[in-house]
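Here are some short exercises to work through at your own pace. Have the sequence and the model open side by side.

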Amino acid sequence: MKPTEPTRVRDLLFIAVVACLVSYLVVRETYGGIPRLSWFVPLSLVVLAAAETISGFQLRARIRHRPGLRPIEPLVAARQVALAKASALVGAAMVGVWGGLLIFTLPRQGFLAAAPSDTLTGALGVVSAGLLVGGALWLEFCCRTPKPPEDRTGSGVDQNRSS
């Protein structure tokens with residue numbers, strides 16, 4: 001059984017760029033019909049990022065068998081890896097979506113009434129989604145099992161076993 005490969009940053013960048021392009025094109029065509037965006041809308045991503053970051057620290061301690069903590073069940077760790085991978089993908093897509101809005105509104109602040117507040121929302125969205133990607137990558141990193149200690153004899157044979 002092959003272990004799950006870590007999420008590649010280049011894949012996340014590709015998703016963000018494609019989402020940004022699509023978002024920009026949609027916003028460009030429909031901006032007049034979009035309701036005003038509140039500044040607190042993207043902050044839900046910060047809550048998810050914080051939860052995943054905290055979960056990563058706790059999970060890492062349990063995987064490394066820190067004294068006083070129960071060992072982690074393998075299925076729980078596998079679920080956390082799945083959550084981390086999904087969150088990284090969603091976070092990258094949201095960086096692109098908020099980035100597309102930001103690219104549209106930033107140069108139009110002087111002549112569109114809603115553009116200044118939507119620019120703030122877009123900037124908060126990019127930062128919030130970036131934090132989610134960071135929290136997800138941290139959680140995924142924390143789910144890795146530590147490398148086993150190396151054989152001190154160098155022979156590759158366990159000296160404690162009797163033949």
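The exercises below cover a helix pair and two cysteines. This is a predicted model, in which local features need pLDDT of at least 70, side-chain atom pairs count only at pLDDT 80 or more, and totals for chains, interfaces and linings use all residues. Residues are numbered from 1 along each chain as its sequence is written, and side-chain values use heavy atoms, with hydrogens and water left out.

**Exercise 1.** Work out how the axes of helix α2 and helix α4 are arranged.

*Solution.* Start with the elements: α2 spans residues 43–63 and α4 spans residues 115–142. Helices here are DSSP runs (H or I, at least four residues), numbered from the N terminus. Next, take the axes, which are lines fitted to C-alpha atoms over the stretch in contact, with angles from 0 to 180 degrees between N-to-C directions. They come within 8 Å and cross at roughly 15°. Therefore α2 is roughly parallel to α4, the term for angles under 35 degrees.

**Exercise 2.** Decide whether C142 is in a disulfide or in none.

*Solution.* First apply the cut-off: a disulfide is a pair of cysteine sulfur atoms within 2.5 Å. A search of the whole structure finds zero disulfides. For C142, the nearest cysteine sulfur belongs to C143 and is 7.0 Å away, too far for a bond. Finally, check accessibility: C142 is buried (under 20% relative accessible area, 1.4 Å probe, protein chains only), with a value of 2%. C143 is buried too, at 11%.

Methods. Helices (H or I, at least four residues) and strands (E, at least two) are DSSP runs, numbered from the N terminus. Angles under 35 degrees count as roughly parallel, over 145 as roughly antiparallel, 65 to 115 as roughly perpendicular and the rest as oblique. Buried means under 20% relative accessible area, exposed over 50%, partly exposed in between (1.4 Å probe, protein chains only).
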